[in-house]
Every structure is written in C-alpha cells, then in structure tokens.
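Visitor: Please take one part of this structure and go through it closely. I would like to know how the piece is put together and what surrounds it.

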Amino acid sequence: MLISLPLTLVCPECSWKTTVLPWCDSRLTVLPPPTRCPACHDLPLGYREATHKEVLKARLEEFLALNNEIGRDTPVALLKTMNENKAPLMKNLLAVIGLCVVLQKSYAFYREYSDLKRDAQSRRSRA
C-alpha cells in the first residue's frame, strides 16, 4: 500500500492504534503497515488522517529508534530496545530537548525584535 498522507490505523474492537508515515528517501527502514490488530487480531483495521500530534509522536519515535536500527517497530519492541541501549537514546532525547529550547528562545528573540521594529516604525511615522 502506497501512502501519501500520514494515517492513523485504529482497531475498532480494542482501540489499539498506530500512526503510519508516508514513505520517503530519508527514512532508512520502512515497515509495511499492519493489516490486523497485533493486540486482538481483529480484521480489518479502520483508518483516519493522522493529527499533527500523532505525526510528531511517530516521527519522534522513529528518530529515537534510528540508532537501534529497528525503524518504526511496535511500541513493545521500542521499549525493549530502550531498556537495552539507554545511552544512545538518552543522547538523542537530550538533543531533541536542546533543539526545542533553542527554537523556543529563538522565537522569543524574534518576537522581541519584531515588537521593537514595529515600535520604531510607529515613532518614525509620528515624527
């Protein structure tokens, strides 16, 4: 199945869900989407367009799993891998947190700069 939009697959019986991202060249390992629920083996899975939060979560899980070469695997396998190899995951997690802090601070400086620029322009127009 070729996917062009991020989809969230949902089991109608047990409410299990996973987000499937579209294929691209930058993703090294792409697993085919499941056809049945791994929890209750119900068939077929329902689907809907993934929300921004679900897409971000799926991409973050994929990013954290890159060092362990499991790609986007099941959450159980991801947790097992996290317990086995905590150092690389911790490094990636701290890098993501650092990036978020830098982006937040950069945005605050940009907003302050924009406000100062707008104030200066309003003073010039009054004079």
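Guide: What follows is a walk through the strands of this model, with a stop at one threonine and another at two cysteines.

The model is a predicted one, so every value here is computed from predicted positions. The protein chain has 127 residues, of which 27% count as buried. Its secondary structure comes to three helices and three strands. Along the sequence the pattern is β-β-β-α-α-α, and the part to look at is the β portion.

The three strands make an open sheet, in the order S2-S1-S3, with antiparallel pairing. Strand S2 covers residues 17–20 and strand S3 covers 46–49; both stand at the edges with a single partner strand each, so one side of each has no neighbour in the sheet. From one strand to the next, the twist averages 25°.

Now take the pairings in turn. Strand S1, residues 7–10, runs antiparallel to S2, and four bridges join them. S1 and S2 form a hairpin with six residues between them. In that turn sits Ser 15, with a positive phi of about 65°. Across this pairing, Leu 7 stands opposite Val 20 in S2, and Thr 8 stands opposite Thr 19 in S2. On the other pairing, S1 and S3 are also joined by four bridges and run antiparallel. Here Thr 8 stands opposite Arg 48 in S3.

Thr 8 therefore deserves a stop of its own, since this residue of strand S1 has a partner in S2 and a partner in S3. Is Thr 8 buried or exposed? Thr 8 is buried, because its relative accessible area is 0%, and the cut-off for buried is under 20%. The side chain of Thr 8 makes a polar contact with the side chain of Thr 19, at 3.4 Å. Leaving aside neighbours within four places in sequence, Thr 8 is in contact with Lys 17, Thr 18, Thr 19, Gly 46, Tyr 47, Arg 48, Ala 50 and Glu 54.

The last stop is a pair of cysteines. A disulfide is a covalent bond between the sulfur atoms of two cysteines. How many disulfides does a search of the whole structure find? The search finds zero. The cysteine sulfur closest to that of Cys 14 belongs to Cys 37, and at 3.4 Å this is too far for a bond, because a disulfide needs sulfur atoms within 2.5 Å. Seen from the other side, Cys 37 is in no disulfide, and its nearest cysteine sulfur is that of Cys 14. The two cysteines can also be described by their exposure. Cys 14 is partly exposed, with a relative accessible area of 35%. Cys 37 is buried, with a relative accessible area of 0%.

Two figures for the protein chain complete the picture. Among contacts with a separation of 6 or more, 55% are between residues 24 or more positions apart. The accessible surface comes to about 9,800 Å², and 61% of that surface belongs to carbon and sulfur atoms.

Conventions. Residues are numbered from 1 along each chain as its sequence is written. This is a predicted model: local features need pLDDT of at least 70, side-chain atom pairs count only at pLDDT 80 or more; totals for chains, interfaces and linings use all residues. Side-chain values use heavy atoms; hydrogens and water are left out. Two strands pair if DSSP finds at least two bridges between them. Helices (H or I, at least four residues) and strands (E, at least two) are DSSP runs, numbered from the N terminus. Axes are lines fitted to C-alpha atoms, for helices over the stretch in contact, and angles run from 0 to 180 degrees between N-to-C directions. Buried means under 20% relative accessible area, exposed over 50%, partly exposed in between (1.4 Å probe, protein chains only). A polar contact is a pair of N or O atoms within 3.5 Å; within protein, one must be able to donate a hydrogen and the other to accept it, and residues adjacent in sequence count only if both atoms are side-chain atoms. Contact means heavy atoms within 4.5 Å. Accessible areas come from the Shrake-Rupley method with a 1.4 Å probe; for residues, only the protein chains shown count as cover.
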